[in-house]
Every structure is written in C-alpha cells, then in structure tokens.
Amino acid sequence: MSSSVETLEFQAETRQLLRLVIHSIYSNKDIFLRELISNASDALDKLRLQSLTDPGLEVDTTDLHITLEVDKAARTLTVRDNGIGMSRDDLVELIGTIAKSGTAGLLEKIKESQDAATAQTLIGQFGVGFYSAFMVADKVTLRTRRAGTDSGTQWESDGEGAYTLRSVDGLPVGTSVTLHLKPADSEDGLADYLSEWKIRQIVKQYSDFIRWPIRMAAERADTDGTDGSTTAGVDTLNSMKALWARPRAEVTQAEYNEFYQQISHDWLDPAATIHMRAEGTFEYEALLFVPSQAPFDLFSRETPRGVQLYVKRVFIMDDCEALMPNYLRFVKGVVDAHDLSLSISRENLQHDRQIRGVRRRLVKKVLGAIKDMQAGDGERYTKFWAQFGRVLKEGLLEDTDNTDVLLELVSAASTHDPEKTTTLREYVERMKDGQDAIYYLTGESRAMVENSPHMEAFAAKGYEVLILTDPIDEVWVERVQAFDGHRLQSIAKGQVDLDEPAEGDQDADTEQAKRQQDHAALLTWLTSTLSDHVKQVRLSSRLTTSAACIVGDAHDMTPTLEKMYRATGQQLPAIKRTLELNPAHPLITALRTTHEANADDPALAEIAELVYGSALLAEGGDLPDPARFTRLLTDRLSRAL
C-alpha cells in the first residue's frame with residue numbers, strides 16, 4: 001500500500017549543487033558507487049551502534065550487509081542495505097534540503113577551486129556524495145524505512161528541480177537506492193555499470209576495506225560440466241577485513257596508500273606509515289599516517305583534528321583529539337580499541353586513564369617514525385620538515401615528556417651552509433674547541449639575521465650561528481634551556497666575549513682596562529643622554545664593522561617577540577635594553593674625541609640619537625620617532641656636504 005504522491009521543490013542552492021555535481025565536479029564517474037556504498041556502510045554502523053546502546057530497539061543485526069542488484073532489462077542498479085534507514089523528515093532534511101548547513105559557502109569554494117581533486121574533497125567534506133548518482137542515472141528512486149518505525153518512505157527525482165515523496169508500507173528496515181542508468185557512453189566517461197566485471201572493479205578499488213559484506217548475485221560456471229552451463233550464486237565482492245586488523249606482512253604499501261587517501265582526502269602518498277598492535281591490559285590496533293604535504297588549514301583553530309576512533313570495529317567518532325596532541329594534528333589514521341565503552345563521550349575520553357596511555361604510546365610511535373625518516377632518508381625528511389617543522393616545534397612548548405626527542409628532530413638554517421638546514425646534533429658535532437654554547441639569533445628573515453650587527457664577530461671568528469625565523473622559534477628557545485648539555489644562547493643577549501683573554505694574560509687585561517678607562521666619560525654621558533631609551537651604554541666585543549648594536553639581558557623579551565605580543569593587542573611595559581659601541585669604529589672614535597674637547601656641544605646629543613636609531617633599525621626595530629630621526633639625519637648629511 002502506498003499513499004498519494006507529494007511533490008517538493010529542491011532549494012535553490014541544492015539545484016545549483018546538483019548541476020555542479022552532474023556536469024563539473026567528478027572527472028571520474030565511477031566515484032558514484034563508492035559514495036553510495038559508503039553511505040550504506042554508515043547506515044549499518046549506525047544501526048549496530050544504536051542496537052547496542054538502545055536496548056528497546058528491536059532489530060536483527062545478525063547479518064548486516066550491502067547488496068548490489070543489477071536488472072539489465074530495466075537498466076537499473078540498486079544499492080541496498082539493512083542499516084538504520086531514514087524517516088520522511090530525514091529524507092527532506094538530508095537529501096531534499098542540504099542547504100541548511102553552509103551549501104552556499106560550499107558552492108563558492110567549489111567555484112573558486114581550480115581542479116577536480118579539490119572540488120571532490122570539498123564535496124566529501126560537506127557529505128553530499130549521494131548526488132553523484134545523477135552523473136550516471138536519469139532518475140533515482142530511494143526507498144527506506146527507519147529502524148523502530150512501521151512505515152517507509154519513497155523518494156524519487158530526476159535531478160532537475162523537484163522530488164517526490166510517498167509513504168510506502170511493507171518495506172524492510174534499511175535503504176535501497178535504485179539508479180535508472182543512462183546508456184553507456186565512452187566519450188562522456190559513462191561505463192557500462194550493469195557489467196559485473198565493472199562493478200567488481202569499482203568495489204575492489206574503492207570499497208574493499210568496508211567492514212560489511214558487499215554482495216552481488218553472480219553466474220558461476222559448473223565445475224563438473226563441459227557444456228558451458230552456469231548456476232546462480234551470491235559473491236562477496238570485498239575483503240571486509242579492516243586493513244589495520246590485518247598482519248603487516250600481508251598488507252602492501254599500495255594498500256596502505258589507498259587507505260590513507262580514503263580517510264584523509266589527500267591525493268598524495270603518505271610520508272610515513274605506522275601500523276601497530278598493542279596487547280595486554282588494554283588492547284588496540286592503530287594505523288597512522290604522516291602526510292607528505294601540509295593541508296592548507298593546518299594553522300586554523302576551527303580545523304578538526306585527531307584520528308578516527310573505533311571500538312571493536314564499530315565506528316565511534318572522527319577527529320578524536322584525545323588520542324593525538326595538538327602539535328601532531330597533521331597525523332591521520334585509525335585507532336581501534338577493544339576495551340572502551342561504545343557510549344564513551346569526547347569529554348570522558350580526555351580523562352580516561354587508558355586513553356592517556358594509548359596517546360603516550362601513539363606519540364612515541366609517530367615521533368619514532370619521523371626520527372627513522374630523518375636517519376634513513378634525509379631528502380624526504382627535509383621536505384617533511386619544510387611542511388610540518390613549524391607545527392612540530394609547538395611540541396617543545398606542550399610536551400615536556402618528549403622534549404629530548406623533539407630537539408633531535410629540530411632542523412634549522414645556519415651560517416654553516418647557505419642552503420641546507422642542520423640539526424642540533426650536527427651543530428654540536430661541528431662546535432669549536434672550547435665552545436660550550438649553541439649560538440642562535442632569531443629574526444623575521446634569513447637576510448635580516450645574516451646582516452645583523454650581532455653576527456659580525458661570530459662570522460669573523462668562524463663560529464656557527466643558528467638562524468631561526470619562525471615565530472614559534474622566539475618562544476621555544478626561551479623554554480628549552482639546553483641540548484645535550486650545551487646551553488642555547490642568543491647572540492643578541494647578555495655579554496658575549498669571544499676575545500676573553502686567557503688566564504694570566506696581563507697584557508690583554510691591561511689593554512682592555514685602558515680601553516674601558518678611555519671611554520668611561522663618553523659611556524657615562526651617553527647612558528644619561530639616552531636614558532629614556534636604554535638602561536646602559538657599554539663597549540662591545542661582538543662588533544667588527546658596525547658602530548653600535550642593541551642587546552638585551554639574558555631573560556629580556558626579543559624585539560620580534562615583543563612585536564608579536566603587541567600585534568595581538570597585549571599591552572607590555574617598556575623594555576629598556578643595552579646599547580653597545582664598537583670602540584674601533586671611526587664614528588665612535590670621533591664621538592669620543594669631540595666629547596673630550598667639548599662635552600657641552602649640542603650636536604653631540606643629536607649624534608647620540610642617530611647612533612641609537614641606526615642600531616635600532618639594524619636589528620629590525622621600530623624607531624620611537626621616525627620623523628625626528630629623518631630630520632636629524634638629513635641635517636647631519638647636509639652639513640657634511
């Protein structure tokens with residue numbers, strides 16, 4: 001028995017999406033069967049889960065499966081499941097009006113995308129793969145009955161502008177989607193989807209890992225006859241065995257790559273694959289992947305992160321954040337736990353002792369795989385670090401348990417090589433005799449760091465300096481005190497004396513004392529004159545060609561970090577640093593001579609401002625009064641001509 005037909009219009013955005021799917025989005029029309037089977041598998045997962053958590057739901061879950069039915073005479077292909085099913089309201093909400101949760105934004109993104117792969121990824125993210133059926137069908141008929149209800153519903157559309165709904169009695173629990181197929185057309189990419197071999201090929205390629213059996217009637221040749229007779233039978237087309245549950249020796253890298261692409265929507269092969277099984281008090285299997293390319297939204301706070309969580313092969317949730325720390329948010333994969341409750345919530349996961357233990361072991365496995373990549377394939381690791389190094393360094397702030405491992409992974413530019421990066425371990429191996437610190441300098445770019453006055457003495461004496469230009473570098477070098485017993489020291493902070501005289505070298509001590517005495521009056525006067533900007537003026541041993549530079553105390557905030565905080569709207573107290581002078585520079589020598597001859601000369605104060613401003617600009621700082629600095633500089637230049 002069926003009721004009268006009700007005709008409804010698709011929403012405007014839905015019609016636009018239908019046209020895009022049918023005519024533009026999918027370059028490979030075989031995708032339609034993958035999408036429909038995936039939907040059927042989800043329905044089976046939901047029924048299984050609800051049957052376990054809702055004792056009042058009376059359903060038979062002893063033989064959950066997907067069936068593919070071919071009717072060559074009617075030119076129809078039906079995808080049938082005995083899963084959760086849908087109500088009439090579900091059909092209207094999920095299929096008739098998909099625009100409720102951002103379809104307009106989806107359409108805009110699809111139009112902006114330049115390639116089919118990106119568009120397919122967007123389609124998958126918004127969960128509208130059902131509409132791919134209209135690429136190969138002139139009409140789609142969906143019949144469904146939700147578990148726990150008595151009446152079913154039929155939905156039907158030609159994909160043009162409207163769809164019909166009617167109530168249907170006598171339907172089994174589950175859903176069937178019948179495609180009234182278009183004729184095969186090789187020029188348009190339409191294969192013969194009534195062909196048994198074609199269906200088998202699509203299922204094997206896209207749906208072999210579906211945990212539920214995908215069945216199809218098949219003609220089999222008689223084994224004991226020679227007359228070519230056949231008998232009808234039913235074949236299961238997929239292996240059904242979850243890839244992560246299979247022994248590693250039985251899985252090829254091609255299978256791993258295919259599975260990774262299915263769960264990540266990435267069309268590149270992963271950089272590393274981690275397949276593990278833990279037994280004992282808490283059993284689980286995990287199949288994790290380290291991508292080879294960073295997603296565009298890696299640093300977006302709204303981007304979901306985490307791996308998929310299953311319990312005894314029953315899907316629980318996507319993006320389980322409790323299993324992977326934020327700094328490893330790029331890791332994709334599946335964790336199948338055997339001893340968790342099916343009804344566990346995201347909040348409870350955060351505090352579950354067993355989950356925390358799993359997380360610790362997963363993190364060590366991932367970091368170990370990255371370390372193996374670093375040791376075994378330097379070129380691949382260099383590419384990986386270029387993609388994920390910034391986010392991996394966040395772990396130095398978040399994960400104190402793995403600080404030593406993460407420091408071994410750090411790769412940075414240095415003055416040792418203009419192109420290649422170096423690890424901290426390699427830096428230590430190249431340290432000069434008697435050197436006890438790992439020298440570094442942070443800045444906005446390599447060029448700015450290399451041209452900094454702070455570099456001059458280190459370059460002249462052949463000391464290697466790490467060049468750190470990521471914003472996160474400003475923070476982690478302050479948090480991490482040392483590596484392998486060697487302290488990390490900024491060459492822009494504190495006293496750095498590469499010419500420290502050897503013990504008992506009285507001549508050097510005498511020369512240093514005399515130089516300090518000769519400049520004492522000038523240093524005292526400059527400290528007073530520039531007291532609004534600096535806390536001290538002293539002689540420098542780190543300069544060789546520049547007249548001056550500005551340095552901070554050992555625990556002062558760097559100018560770049562100060563800029564970052566101010567850019568976020570945070571108010572910071574004024575930080576006064578130290579101005580260091582190069583006593584051998586002609587400008588400083590002339591300034592000392594002039595001050596000794598006439599300490600009251602008003603021009604001296606202006607020159608002092610210019611020296612300070614020049615040092616500030618050299619390190620990439622901001623002048624307190626750019627207009628005044630420009631006026632003083634032009635006045636000085638005009639007098640010199």
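How many cavities of 30 Å³ or more does the structure hold? The answer is 1, and the points below come back to it after a walk through the sheets. Please keep in mind that this is a predicted model.

1. A good place to start is the open sheet of 9 strands, whose pairing is mixed. Reading across, the order is E1-E6-E5-E4-E7-E3-E2-E8-E9. Strand E1 (6-9) and E9 are the edge strands, and each has a single partner strand, so one side of each is left without a neighbour in the sheet. On average, neighbouring strands here are turned by 25° against each other, direction ignored.

2. Within that sheet, have a look at strand E2 (residues 66-71) and strand E8 (residues 214-221). These two run parallel and are joined by 3 bridges. One pair to find on screen is Leu68 with its bridge partner in E8, Met216. As general background, strands of a sheet pair through backbone hydrogen bonds, either parallel or antiparallel.

3. Two helices are worth tracing over this sheet. Helix H2 (residues 31-53) lies across E2, strand E3 (76-81), strand E7 (174-181) and E8, and H2 runs at about 25° to E3. Helix H6 lies across E2, E3, E8 and E9, with an angle of about 140° to E8.

4. Now for the charged pairs: the structure holds 34 salt bridges. One of them is formed by Arg200 and Asp235, whose closest N and O atoms are 2.4 Å apart. This pair links distant parts of the chain, as Arg200 belongs to helix H6 (residues 196-206) and Asp235 to strand E9 (residues 230-236), 35 residues apart. In general, side chains of opposite charge can pair when their charged atoms come close.

5. Further along the chain there is a hairpin to visit. Strand E15 (residues 411-414) and strand E16 (residues 417-423) run antiparallel, joined by 3 bridges. The hairpin that E15 and E16 form has 2 residues between the strands. Ser414 has Asp417, in E16, as its bridge partner.

6. Another open sheet has 3 strands in the order E21-E23-E22, again with mixed pairing. Its edges are strand E21 (534-539) and strand E22 (548-551), each of which pairs on one side only. The average turn between neighbouring strands of this sheet is 25°, direction ignored. Helix H20 (residues 602-618) packs on the sheet and touches E21, E22 and E23. The direction of H20 makes about 65° with that of E22.

7. Which way do E21 and E23 run with respect to each other, parallel or antiparallel? They run parallel, and 5 bridges join E21 to strand E23 (residues 577-581). To see the pairing, find Leu539, which stands opposite Leu581 in E23.

8. Back to the cavity from the opening question. The largest cavity has a volume of about 250 Å³. It is lined by 24 residues, and the closest to its centre are Leu441, Thr442, Pro559, Thr560 and Glu619. By type, the lining divides into 7 nonpolar, 10 polar and 7 charged residues.

9. Which elements each supply at least two residues of the lining of the largest cavity? They are strand E17 (437-442), helix H14 (446-450) and helix H18 (559-567). The largest share, 3 residues, comes from H18.

How values were computed: Residues are numbered from 1 along each chain as its sequence is written. This is a predicted model: local features need pLDDT of at least 70, side-chain atom pairs count only at pLDDT 80 or more; totals for chains, interfaces and linings use all residues. Side-chain values use heavy atoms; hydrogens and water are left out. On a 1 Å grid over the protein atoms alone, a cavity is a set of points where a 1.4 Å probe fits but cannot get out, and a pocket is an open set with protein on both sides within 12 Å along at least five of seven lines; lining residues have an atom within 4 Å of a point. Grid points are joined across faces, edges and corners, and a volume is the space filled by probe spheres set on the points. Helices (H or I, at least four residues) and strands (E, at least two) are DSSP runs, numbered from the N terminus. Ala, Val, Leu, Ile, Met, Phe, Trp, Tyr, Cys and Pro count as nonpolar, Asp, Glu, Lys and Arg as charged, and the others, Gly among them, as polar. Two strands pair if DSSP finds at least two bridges between them. Axes are lines fitted to C-alpha atoms, for helices over the stretch in contact, and angles run from 0 to 180 degrees between N-to-C directions. Contact means heavy atoms within 4.5 Å. A salt bridge is a side-chain nitrogen of Lys or Arg within 4 Å of a carboxyl oxygen of Asp or Glu.
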